[in-house]
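User: I'd like to go through this one with you, question by question. Here it is.

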Amino acid sequence: MAKTIDLSVDLGFIQLKNPIIPASGTFGYGEEFQAFFPLDILGAFVLKGIYKNPRKGNPPPRIHETAAGLLNSIGLAGPGAEELKKIIKRTASITNTPIIVNVCGESDEEYLEVAKIFDVMEEVSILELNISCPNVKAGGKCPAQDRDHTFRLVKQIKENTQKPLMVKLSPNTHDVPAVALAAQEAGADCISLVNTFLGVAVDLKKRAPVFKNVFAGLSGPAIKPLALKLVWEVAKTVSIPVIGMGGITSGKDVLEFVLVGASAVQTGTINMAEPCASVRIIKELEETMEALSITNLSEIKGRLKL
Amino acid sequence: MKDETCIVIENRHISKKYYMLKIKAPYLAENAKPGNFVMLKASSGLDPLLKRPFGVFNTNYPFTWVYYEVVGKGTAAIANLRADDPVQVLGPLGNRFPAFTGKNILLVAGGRGIAPIHYAICDYAPANNVFLIYGARSAGDLNLVEELKGLGLKKMFLYTDDGSAYQKGFVTTDIRRIIADHHIEVTVSCGPDAMFESLAHEIGGIGTENWVSLEALMGCGFGICYSCAVKTTADEYKKVCSDGPVFKMEEIAWQKQ
């Protein structure tokens with residue numbers, strides 16, 4: 001190599017060895033992937049979303065593949081916060097890569113309770129607030145669909161926790177940059193987006209929706225252009241770091257997200273299709289940066305030429 | 001388990017939408033056990049996006065055979081593979097059929113469910129008395145009967161739903177009589193959900209030890225996506241991929257999911 005490629009990313013509150021962060025729900029609890037590659041190669045990784053109590057999840061079917069995409073209605077099945085603490089201790093014993101806990105809640109009180117549980121774990125580096133959870137008291141609407149609710153919730157979490165807070169936005173609201181701004185004003189340390197886009201799959205034989213909940217979340221390469229648009233709009237609006245995601249499957253995809261303003265990225269559905277995707281994407285990223293004479297991602301972050 | 005690119009040796013059309021894929025996959029062939037499954041994808045492209053699960057039909061180092069039916073775009077893409085094509089292979093996955101010695105075992109296969117059952121026959125026949133009930137919709141769905149004949153089965157009972165070949169009926173039609181006649185101690189089945197439900201009704205609670213190998217829509221195949229949930233009688237969901245695919249029949253809540 002003519003020039004040394006530096007993949008490291010400085011988010012201000014943490015330094016990552018590279019921008020690749022497997023996303024919540026697509027990476028289990030991390031330890032499952034150690035069989036495929038050392039977790040140490042990653043920038044960070046996000047654990048599957050967690051509520052206070054164990055959750056069974058939704059009745060099957062839970063997935064439906066679309067053209068280059070995947071609809072899911074898993075229902076955030078999980079073992080509950082106490083069990084996750086044990087899992088985190090196990091996972092942390094096999095890697096030094098920063099662990100991010102995806103905090104869920106059916107109410108603002110539950111969000112806070114879960115956030116506090118993981119805030120005091122030294123094995124956890126960042127809390128990612130999943131504000132796309134249906135909120136019981138808001139009639140099933142999620143906080144991410146309401147800028148005021150997002151502000152209140154983020155403020156409450158920030159006032160009661162010490163760890164850096166990443167707020168994960170939903171694309172299923174009319175003004176995503178406004179919600180991002182509300183999160184920033186409430187003290188969020190960074191933003192991650194996008195969560196899945198709500199969609200519908202139809203079972204023609206039954207003349208019924210495929211999913212019992214009717215709506216399901218679309219992810220995968222099919223949403224990449226939509227995600228790039230929202231990441232770009234949000235990155236222009238806020239001054240805190242933005243972690244971009246949505247259909248990333250290659251090193252080139254990573255650079256596209258950085259160009260529209262992302263400081264780092266999360267990879268999702270590709271981890272299910274190809275367990276070793278992280279290894280390939282990191283390698284491709286380095287090769288593509290060299291080919292394009294980019295030595296550090298900060299050189300191109302947000303430098304989309306218009 | 002390993003995720004690797006392997007080479008297609010042969011992809012033989014059997015009948016209707018049924019095929020037999022032979023791949024050169026040394027790691028898989030060396031490590032697969034009867035009951036295990038593999039996730040396959042025809043290319044590294046993005047549509048189809050996910051790999052698809054298949055019960056292992058047989059192995060003989062360095063080769064693995066997969067008997068499959070085309071049911072959607074993932075399997076259609078696999079059916080288009082030709083000799084020397086690369087194929088994405090993740091496996092071996094899941095648990096295995098329990099090991100038995102000196103038992104009277106009845107294997108039950110419905111349609112493409114013959115795939116893992118074939119592997120079980122190869123495993124059980126040398127040290128057990130093995131019987132097979134194999135049923136399918138019609139003549140073109142009941143394949144590989146000649147191959148099954150050479151495996152050392154004590155007896156084989158064949159059915160088609162419509163009577164277009166062999167005996168008209170379902171795998172459950174004579175099952176209680178067969179179990180009684182041959183002093184069956186263990187049953188191992190694989191087939192569609194409807195078959196399992198009839199089986200559970202017919203033989204659940206008659207004293208045999210009953211095992212099932214389930215099929216499910218899967219996202220990943222190794223336990224991280226939680227897509228392949230199956231409800232248990234304890235009113236919990238288990239993952240077909242990493243808790244199974246082999247379960248005790250009594251463990252599964254067959255009626256409503």
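User: Where in chain B is B:G72 found?

Analyst: Quick ground rules before that: this is a predicted model, where local features need pLDDT of at least 70, side-chain atom pairs count only at pLDDT 80 or more, and totals for chains, interfaces and linings use all residues. Residues are numbered from 1 along each chain as its sequence is written, chains are lettered from A and ligands numbered from 1 in the order in which they are written, and side-chain values use heavy atoms, with hydrogens and water left out. Helices (H or I, at least four residues) and strands (E, at least two) are DSSP runs numbered from the N terminus. On that basis, B:G72 sits in the loop between β6 and α2 (73-79) of chain B.

User: Is B:G72 buried, partly exposed or exposed?

Analyst: Buried means under 20% relative accessible area, exposed means over 50%, and partly exposed is in between (1.4 Å probe, protein chains only). B:G72 has a relative accessible area of 30%, so the label is partly exposed.

User: How far apart in space are B:G72 and B:A139?

Analyst: In sequence, B:G72 and B:A139 are 67 residues apart. C-alpha to C-alpha, the distance is 22 Å.

User: What about B:T64: which residues is it in contact with, leaving aside neighbours within four places in sequence?

Analyst: B:T64 belongs to strand β6 of chain B, and at 0% relative accessibility it counts as buried. Contact here means heavy atoms within 4.5 Å. With those neighbours set aside, the partners are B:L21, B:K22, B:I23, B:A25, B:L28, B:A29, B:V56, B:N58 and B:T59.

User: And what is the C-alpha separation of B:V38 and B:R177?

Analyst: B:V38 lies in strand β3 (residues 37-41) of chain B and is buried, at a relative accessible area of 0%. Not counting residues up to four places away in sequence, B:V38 touches residues including B:L28, B:F54, B:V66 and B:L90. B:R177 is 139 residues from B:V38 along the chain, and their C-alpha atoms are separated by 35 Å.

User: Switching to chain A, how many helices and strands are there in chain A?

Analyst: Using the same DSSP runs, chain A has eight helices and 16 strands. For compactness, the radius of gyration is taken over C-alpha atoms, and the globule rule is 2.2 Å times the number of residues to the power 0.38. Chain A comes out at 18 Å, close to the 19 Å that the rule gives for 306 residues, so it is as compact as a globular protein of that length. The count you asked for is eight helices and 16 strands.

User: What share of the 306 residues in chain A is buried?

Analyst: The C-alpha trace of chain A spans about 55 × 50 × 40 Å along its principal axes. Among contacts between residues at least 6 apart in sequence, 69% join residues at least 24 apart. As for buried residues, they make up 60%.

User: How many aromatic pairs are there over all chains, and why is the pair A:F27 and A:F33 called stacked?

Analyst: Rings of Phe, Tyr and Trp (its six-membered ring) pair if their centres lie within 6.5 Å; planes under 30 degrees apart count as stacked, over 60 as edge-to-face and the rest as tilted. A search of the whole structure turns up 14 aromatic pairs. The ring centres of A:F27 and A:F33 are 4.0 Å apart and their planes are at 15°, so the pair is stacked.

User: Which residues form one aromatic cluster with A:F27 and A:F33?

Analyst: At 0% relative accessibility, A:F27 counts as buried, and A:F33 is buried too, with a relative accessible area of 0%. The residues in the cluster with them are A:F36, A:F37, A:F45 and B:F222.

User: Where is A:R207, and what is its phi near?

Analyst: A:R207 is in the loop between β12 (202-203) and β13 (208-209) of chain A. At 78% relative accessibility, A:R207 counts as exposed. Its phi is positive, in a residue other than glycine, and near 50°.

User: Which residues does a cis peptide bond with omega about 0° join?

Analyst: One partner, A:P61, lies in the loop between β4 (45-46) and β5 (63-66) of chain A. The cis bond, with omega about 0°, joins A:P60 and A:P61.
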